[in-house]
Amino acid sequence: MATAQTTRHSLRSLLLPDQPRSFAWARPAQLALRSLHIAVMALVVGGLPFGADFHRLRIAILMTVASGVLLMAIDLAKDAAFLLQGSGVALLVKLALLGLGLLQPEARLPWYLAATLVASIGSHMPGAWRHYSFLTGKSAKESH
């Protein structure tokens, strides 16, 4: 029977491996998913100023959410520590902004545009910032 200590250690090593996991399929899957995510997200954000409602945007919204969840799942499968790095923090800020857009439908467009800007910055900032760990205080790329 596993002790609480063993279970905690197993969970920690599952979520935070010593080295991020590498999957041969991850890079091409992320490329395809990110391209899809950007395209369908553009349909959603672009439709808002023209009064497109949920019914008209439903498929694009569902595809945006599904592709985003899959992208996040791949990153989490590699190493959940990414949530404590610059790119992960940008993702969490983006999700918070999207949540504000859901809570304030009359201001949805500005919140979604802000989320888009944060996502773009998070994806294109220098690698040292993108991989900066708020847990260790240094770039995760330096420590691997």
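**A six-helix predicted model**

The secondary structure of this protein comes to 6 helices and 0 strands. The model is a predicted one. Read from the N terminus, the elements run α-α-α-α-α-α.

Some overall values come next. Of the 144 residues in the protein, 24% are buried. Among contacts with a separation of 6 or more, 57% are between residues 24 or more positions apart. The accessible surface amounts to about 9,600 Å², and carbon and sulfur atoms account for 70% of that area.

Helix 3 can be followed in more detail. This helix covers residues 54-78, 25 residues in total. From its first C-alpha to its last it reaches 34 Å, close to the 36 Å expected at 1.5 Å a residue. Helix 3 also has a kink of about 35 degrees, centred on Ala-60. Ala-60 is one of the buried residues of the helix; the others are Leu-57, Thr-64, Ser-67, Leu-71 and Ile-74. An α-helix has 3.6 residues a turn, so residues three or four places apart point the same way. The partner of the buried residues of helix 3 is helix 2 (26-47), against which they pack.

The surface offers a separate feature. Val-89, Val-93, Tyr-132 and Phe-134 form a nonpolar patch there, and together they have about 330 Å² of accessible area. Phe-134 lies in the segment after helix 6 (127-130). Phe-134 counts as exposed because its relative accessibility is 55%, and the cut-off for exposed is over 50%.

Terms used:
Residues numbered from 1 in each chain as written. Predicted model: local features only at pLDDT ≥ 70, side-chain atom pairs only at ≥ 80, totals over all residues. Heavy atoms only, no water. Helix = DSSP H or I, 4+ residues; strand = E, 2+ residues; numbered from the N terminus. Expected span 1.5 Å × (residues − 1). Bend = angle between axes of the 7 residues up to and from the residue. Buried < 20%, exposed > 50% of the residue type's maximum accessible area, 1.4 Å probe, protein only. Contact = heavy atoms within 4.5 Å. Patch = residues over 30% accessible without salt bridge, like charges linked within 9 Å, V, L, I, M, F, W, Y side chains within 5 Å. Areas by Shrake-Rupley, 256 points an atom, 1.4 Å probe, with all protein chains shown as cover. Salt bridge = Lys/Arg side-chain N within 4 Å of Asp/Glu carboxyl O.
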